[in-house]
Amino acid sequence: MGTAKLSEYDYDIIIIGGGPAGYTAGLYAARAGLKTLLVEGAATVSQITITDIIENYPGIPDGIGGFELMQLFKNQALKFGLETITKDVSAIVKSDSAPALWVVSAGDKSYRALSIIAATGAQWRKLGVPGETEFAGRGVSYCATCDGPFYRNRDVVVVGGGDSAIQEALFLTHFAKKVTVIHRRDRLRAGGILQKRAFAEKKIEFVWNGTLAEVLGADFVTGVMIKNVQSEKLTDIAAEGVFIFVGRIPHTEIFRGVFNLDTGGYIITDENMKTSAEGIFAAGDCRAKLFRQVVTAAGDGANAAFNAELYIGNMKGEAY
Ligand code: NAP
């Protein structure tokens, strides 16, 4: 930074990722008058768009569908001049100009920016057990909102004990005859309210200390084989649907070597969303943190955009 003349660039900020964090960053950046491009992934969708109902986003007391909420985020950001494209980013490199710019490659084009906000989110983790991949779309699902209605009056199992597993298990009771939650420990990780609802729900049964050993079936899923983690005893449970919610993995492979990630692949930032690379900020579920919610992603996005704005101000020599 300093008095050196800036090389030509296309955008003040390029935001990578089109979820709540990305679009909030886009709203703040565009509204601050910064020329901002949001690159939305072509191969992936934000997890929020496949969430049935969000009841804990402040200001929306009756709840709202995830897709609907994202449309509101998007429209608000577009209103202030945010530009968007749908392409997968393949590389991010630092230019050799001084001061350095960031060059983002997406599709067959490259875009030069003063700053980047990484808001690429995370995706569901797979178990890697026999039958999981073979029966994907034929009984194995990672989205109760998408696939729940196919299991009307049928028996399904849910694997996992976190908020996602329990929330989705509750959602599945709207359709399924019985929902068996299989959890590898003897207590849930999910928060108190969800636990209380699940324990009170007659359609939900629990298998404790159990892991999924195999998904069984012929053309479609017919059941699962469960292994008790203590006795190692194997038991089959009949089910036509297997919903797996065992956490997430962050979409951060493209950032490896550009800035620091933690051992789980999440982006390490300071409290101002700064990564270890100068001029790159991160926001939302891809960031190393404890609590991943729409509201925290949105908060991260605003924070990242504000700090990127300060950084750009300094770069342009406009800071006071
Ligand atoms: P999570 O909190 O990481 O829970 C993952 C669950 O899967 C845990 O119960 C874990 O067991 C289990 N698990 C992980 N690997 C496994 C394996 N290989 N085999 C069997 N079980 C395995 O993930 P999440 O539920 O997706 O939630 C992620 C974040 O989103 C959390 O911060 C959560 O609070 C938030 N969230 C909030 C809401 C809400 O507030 N309504 C809804 C959804 C998600 P252990 O418990 O033994 O580790």
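Student: What makes β9 and β15 a pair of strands?

Tutor: In this predicted model, β9 (residues 155–159) and β15 (residues 241–244) are joined in the parallel sense by four bridges. Pairing requires at least two bridges, so the two strands count as paired. One bridge links V156 to its partner G241 in β15.

Student: Where do these strands sit in the sheet?

Tutor: The order is β8-β15-β9-β10-β11, an open sheet of five strands with parallel pairing.

Student: Why are β8 and β11 called edge strands?

Tutor: β8 (140–141) and β11 (204–207) each pair on one side only. That is what the name edge strand refers to here.

Student: How is helix α4 placed against the sheet?

Tutor: Helix α4 (residues 163–172) lies across β9, β10 (178–182), β11 and β15. Its direction is at about 170 degrees to β9. Angles run from 0 to 180 degrees between N-to-C directions, so the value falls toward the 180 end of that scale.

Student: How do you know that D163 makes a polar contact with the ligand?

Tutor: A polar side-chain atom of D163 is 2.5 Å from a ligand oxygen. The cut-off is 3.5 Å between N or O atoms, so this pair qualifies. S164 also offers a polar side-chain atom, 2.7 Å from an oxygen of the ligand. For G161, a polar backbone atom lies 3.0 Å from a ligand oxygen. The ligand alone exposes 920 Å², and the protein buries 78% of that.

Student: What kinds of residues surround the ligand?

Tutor: The shell holds five nonpolar, nine polar and six charged residues. Its largest share, three residues, comes from α4.

How values were computed. Residues are numbered from 1 along each chain as its sequence is written. This is a predicted model: local features need pLDDT of at least 70, side-chain atom pairs count only at pLDDT 80 or more; totals for chains, interfaces and linings use all residues. Side-chain values use heavy atoms; hydrogens and water are left out. Contact means heavy atoms within 4.5 Å. A polar contact is a pair of N or O atoms within 3.5 Å; within protein, one must be able to donate a hydrogen and the other to accept it, and residues adjacent in sequence count only if both atoms are side-chain atoms. Accessible areas come from the Shrake-Rupley method with a 1.4 Å probe; for residues, only the protein chains shown count as cover. Ala, Val, Leu, Ile, Met, Phe, Trp, Tyr, Cys and Pro count as nonpolar, Asp, Glu, Lys and Arg as charged, and the others, Gly among them, as polar.
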